[in-house]
Amino acid sequence: MEWFPLGRIDEVPLGGGRYVETPAGQIAVLCNEAGELFAVHNRCPHRGGPLSEGFVSGKTVFCPLHNWQIDLESGQALPPDQGCVKTFPLKTEGEEIWLGLPEMQS
Amino acid sequence: MGNKTRKARLVVIGNGMAGIRTVEELLKMAPDLYEITVFGDEPHPNYNRILLTPVLAGEMRLEETILNDHDWYQEHGITLRTGCLVTQIDRVRRQVITAQGEKVPYDRVLIATGAAAALAPIPGNDLPGVYSYRDMRDVEALTQVSADGGEAVIIGAGLLGLEVAHGLNARGMQVTVVHRRAWPLDKQLDARGGALLRQAIEARGIRFLMERESAAVLGTDRVEGLQFQDGSQIPAQIVVMTVGIRPRIALAQAAGLACEQGILVSDTLQTYDPRIYAVGECVQHRGMTYGLVAPLFEQAKVAANHLAEYGRMRYQGSVTSTKLKVTGIELFSAGDFLGGEGTEELTLLDAHQGIYKKVVLQGDTITGILLYGDTSIGPWLFEYLRDKNNVASLRDHLLFGETHLGDAGHAGVNQAARLADSAEICGCNGVSKGQIVRAIRDGLFTLEEVRKCTKASASCGSCTGLVEQLLVSTLGGVYDSSARKKALCGCTDYSHQEVRDAIRKEKLLSVRDVFRYLDWRHPGGCATCRPAVNYYVRTAWPAESKDDPSARFINERAHANIQKDGTYSVVPRIYGGVTTPAELKRIAEVAERHAVPMVKFTGGQRLDLLGVRKEKLPLIWAELDMPSGYAYGKALRTVKSCVGKEFCRFGVQDSTQLAIDLEKNLERMWAPHKVKLGASGCPRNCAESTIKDVGVIGVDSGWEIYVGGNGGMKVRAADLLAKVKTEAEVIQISKAFLQMYREDAQYLERTAPWVERVGLEQIKSRVIDDLAQRVELAERLDFAIAQEKDPWAEAVSGRLDIHAAPLRRVSA
Ligand code: SRM
Ligand SMILES: Cc1cc2nc3c(=O)[nH]c(=O)nc-3n(C[C@H](O)[C@H](O)[C@H](O)COP(=O)(O)OP(=O)(O)OC[C@H]3O[C@@H](n4cnc5c(N)ncnc54)[C@H](O)[C@@H]3O)c2cc1C
Ligand code: SF4
Ligand code: FES
């Protein structure tokens with residue numbers, strides 16, 4: 001696991017998200033109303049909608065394209081929909097958000 | 001209260017439909033508040049009583065009617081005591097006592113003892129072979145005895161009487177139904193409908209004896225027949241009495257709780273003793289007792305809300321409708337369908353096809369509905385009845401339902417029941433009728449639940465009507481289609497109107513404040529309530545409140561339309577569809593410089609640059625240097641124009657200029673849904689003004705103003721609101737109309753359904769007849785628009801951050 005700084009906590013809007021470009025693809029960094037942060041691939045399992053633009057509430061993000069709901073801890077779509085999106089670890093140090101990416105073999 | 005180690009104890013007496021529904025609602029709101037014990041004197045976990053007849057008729061098995069199995073109770077930590085009758089509530093020691101002598105202490109009690117079948121007070125009513133029809137035990141007994149065939153006599157031709165007649169007939173018995181009135185179901189049908197029903201039932205081999213008063217059950221060791229007051233007799237091996245139900249109140253009475261017909265409860269479902277709540281058929285609220293589950297479920301919601309210590313909801317009584325659930329017979333009735341003094345009747349009778357429809361009107365509102373043979377429009381009519389909405393403009397098709405339903409998936413709205421199981425109901429999610437019906441049978445009762453479980457109508461929502469139809473035809477009277485009273489979304493029990501009232505009354509200035517003040521179930525809300533509540537806050541307090549971008553859909557947050565691949569489209573404002581060569585050149589250059597994948601004329605007379613990446617939006621806006629066209633917003637979109645009298649040989653008014661003026665006056669206006677206007681220079685109407693939210697048409701003497709038109713999913717021609725002389729009047733009236741719409745319509749309700757709901761008369765009286773109100777409304781709109789700035793200019797200047805760029809680019 002390799003950790004990368006992403007920016008300050010207050011750059012991610014409460015109840016919404018931002019995206020980051022990484023070697024592992026676009027990743028959505030999402031923040032719920034209580035300030036908890038989550039990171040998932042920025043591609044909805046339905047038809048690839050950008051999850052960074054959806055509503056976040058509790059542990060759920062609502063995809064902006066067709067309203068699928070995705071659990072941010074497991075990455076699983078909530079029933080009755082099926083599918084899943086990869087999740088990534090985040091940590092904060094002070095005001096800074098760090099993203100954990102699997103080590104790249106080169 | 002102090003003692004934190006012990007949870008409060010809730011004892012539920014009655015393991016039936018209302019009691020357990022209350023527990024379910026309670027668990028949703030406060031899963032850990034109580035240690036719950038449920039007593040039921042039946043041996044089963046909670047089952048669906050209204051499915052007893054399918055079980056009796058052999059169409060269903062007992063197990064299929066179970067709503068909550070033993071595992072459910074266990075999972076929720078509920079102690080269930082089946083086969084256990086509670087005989088006493090000791091209010092002094094705060095304990096309930098069972099027939100076995102067991103004592104269980106309580107902090108709160110919920111009485112949900114339901115009702116018992118009443119017996120006809122005639123000699124012999126206790127003979128073996130006399131049955132009632134209320135619970136699974138009755139069904140088991142009747143199943144057994146009917147195996148030998150023979151003659152069954154049913155006393156009472158009400159809903160239950162006809163159901164049990166149908167069940168026993170299906171089991172091969174000879175069935176005779178005896179009734180004191182002249183036709184069956186006299187509480188649900190008039191004489192004409194009764195005659196049709198009788199015919200249909202007789203055709204199945206069931207016999208009726210009408211206007212007969214029973215005098216005695218005959219027999220020595222067991223039933224042998226029934227004797228009437230006129231002395232005549234008929235033979236019978238069994239007699240089933242379905243002459244009414246009696247609320248089970250003995251327990252409450254003995255505990256000193258005030259009772260009349262039922263246990264008296266307040267609007268919070270509390271009895272005389274505030275620790276003791278009661279719901280279901282055993283209660284009497286504002287003088288009414290109910291015998292259908294829809295109102296009981298409403299009671300359950302309110303009682304749970306108070307048990308959960310939210311303490312906000314009030315139960316104010318219910319308006320109910322009934323359906324008969326005998327396969328092949330369709331019947332729907334509600335309200336005062338007999339009519340009489342001061343009422344009018346619209347009727348349609350097709351005796352040959354067995355169809356009879358009757359709508360009773362008092363003035364311009366529906367007060368009674370009776371449908372026989374074809375009940376498809378029942379729910380549609382019922383909504384008008386319950387909400388007391390004005391139906392003057394619908395009079396012509398009240399008996400036929402919503403007509404002109406086109407091909408785009410709306411055709412079936414009134415025909416769901418006749419579709420094949422494989423028919424697709426929800427086009428968005430590919431859900432068939434069969435799937436939905438199966439899911440409902442497995443224990444769903446509301447639209448919300450069907451959406452959650454099957455996805456049907458969860459996306460664009462245009463098939464909501466069909467799904468509601470299926471709920472009604474599958475559940476009978478259980479389903480309550482209370483659209484208006486419906487909660488805003490799953491996060492709250494409050495309706496749109498209740499939320500708006502609270503925002504105004506309590507001066508709530510942000511979405512968060514509203515969620516907090518109204519105890520939202522999820523503090524973050526959902527995709528339905530966040531934008532709606534934000535809109536309500538903004539319209540109520542345009543100056544004091546702040547817009548909340550996190551409560552806006554992506555389109556309104558990015559000020560551009562998101563596309564299927566995550567890119568965006570850019571539609572600048574082109575007032576009235578009129579542009580200049582210079583402007584066109586600039587647009588062309590921008591498109592070329594940024595290699596915009598497609599440039600397209602929209603259906604709204606302007607240009608669309610499609611396929612733009614989010615990162616590029618601010619730059620493109622800066623280079624275009626034009627205001628946003630709000631093509632993405634629940635807001636003013638376009639004002640379409642035609643050539644008008646400046647150039648056109650037929651034109652009598654300057655529609656182009658008026659369109660430009662209207663657009664300049666209304667731009668940046670947010671609304672419950674998108675708003676489109678049109679201005680045509682003569683009645684040839686080239687700007688299609690009659691399918692616009694507001695449309696004007698030039699005539700010799702001035703302008704005609706039309707409102708409530710729609711050209712989208714369901715076409716609706718606009719209604720003529722007024723005829724005026726000057727452009728200034730057009731602008732003022734348009735503003736007043738739109739402000740009334742902004743203040744009154746539900747979020748995502750376009751003007752077309754809104755105009756139908758409130759009625760043109762009401763709109764005229766505020767916007768046309770009352771000049772002072774018109775001025776005030778227009779001023780309020782001007783004030784609201786004055787608070788808004790062009791979002792593209794704001795973004796270009798850096799005052800508005802649409803988060804165009806990624807938060808970070810991480811390189812390996
Ligand atoms: C761009 C445009 C099509 C075009 O290329 O001409 C368009 C594009 C969309 N329309 Fe439209 N509508 C466009 C004119 C219309 C018209 C014609 C008109 O305005 O004269 C109608 C029928 C008139 C009416 O509204 O009554 C129309 C009725 C709809 C509807 C159905 C609305 C209804 O009440 O039934 C929707 C769905 C909705 O809003 O919920 C819709 C939704 C959409 C959305 C926003 C779908 C979405 O949510 O993503 C489309 C965005 C496409 C995209 O990817 O950018 N569009 N749409 C037109 C933009 C006009 C403009 O300049 O602003
Ligand atoms: C055959 C039939 C068909 C029906 N069809 C429809 C229909 O189509 N649509 C509709 O809306 N409604 C219908 N109903 C009515 C509906 O079933 C009732 O309105 C509903 O079940 C009432 O709910 P409840 O909780 O008040 O009472 P119940 O469901 O009767 O529950 C009360 C429970 O409490 C138990 N109990 C009572 N006293 C005690 C005690 N002292 N100790 C322990 N337990 C006790 C009872 O045994 C019972 O299990 C039908 C009813 C019947 C019988
Ligand atoms: S009709 Fe409108 S919503 Fe449908 S595809 Fe065309 S632009 Fe999109
Ligand atoms: S792409 Fe996410 S719901 Fe369709």
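Which residue of chain A forms a salt bridge with Lys614(B)? In this predicted model, the partner is Glu53(A), and the closest N and O atoms of the pair lie 2.7 Å apart. In total, two salt bridges link chain A and chain B. Polar contacts add to the picture: 14 residue pairs across the two chains are joined in this way, counting those in which both residues have pLDDT of 80 or more.

On the chain A side, three strands each supply at least two of the residues that touch chain B, namely β1 (2–8), β2 (16–22) and β5 (55–57). Of these, β2(A) gives the largest share, with five residues. Sorted by class, the side of chain A that faces this contact holds 19 nonpolar, six polar and seven charged residues.

The extent of the contact can be described in two ways. Counted by residues, 32 come from chain A and 37 from chain B. The size of an interface is also often expressed as the accessible area lost when the parts come together. By that yardstick, chain A and chain B bury about 2700 Å² between them, and carbon and sulfur atoms account for 58% of it.

Strand β2(A) also takes part in pairing between the chains. Its partner is strand β37 (residues 808–809) of chain B, and the two run in the parallel sense over two bridges. Within this pairing, Glu21(A) has Arg809(B) of β37(B) as its bridge partner.

Chain A itself is built from ten strands and has zero helices, so that its elements, read from the N terminus on, are β-β-β-β-β-β-β-β-β-β. Of the 106 residues in chain A, 49% are buried. Among the contacts in chain A that join residues at least 6 apart in sequence, 41% connect residues at least 24 apart.

Turning to chain B, is strand β22 (residues 331–335) largely enclosed or largely open? Four of its five residues are buried, so β22(B) is largely enclosed by the rest of the structure. This strand pairs with strand β21 (residues 321–323) of chain B in the antiparallel sense over three bridges, and there Phe332(B) is the bridge partner of Lys323(B). A further antiparallel pairing joins β22(B) to strand β25 (residues 365–372) of chain B over five bridges. In that pairing, Ser333(B) stands opposite Leu370(B) of β25(B).

Notes
Residues are numbered from 1 along each chain as its sequence is written. Chains are lettered from A and ligands numbered from 1 in the order in which they are written. This is a predicted model: local features need pLDDT of at least 70, side-chain atom pairs count only at pLDDT 80 or more; totals for chains, interfaces and linings use all residues. Side-chain values use heavy atoms; hydrogens and water are left out. Contact means heavy atoms within 4.5 Å. Buried area is the accessible area (1.4 Å probe) that two parts lose on being put together, summed over both. A salt bridge is a side-chain nitrogen of Lys or Arg within 4 Å of a carboxyl oxygen of Asp or Glu. A polar contact is a pair of N or O atoms within 3.5 Å; within protein, one must be able to donate a hydrogen and the other to accept it, and residues adjacent in sequence count only if both atoms are side-chain atoms. Ala, Val, Leu, Ile, Met, Phe, Trp, Tyr, Cys and Pro count as nonpolar, Asp, Glu, Lys and Arg as charged, and the others, Gly among them, as polar. Two strands pair if DSSP finds at least two bridges between them. Buried means under 20% relative accessible area, exposed over 50%, partly exposed in between (1.4 Å probe, protein chains only).
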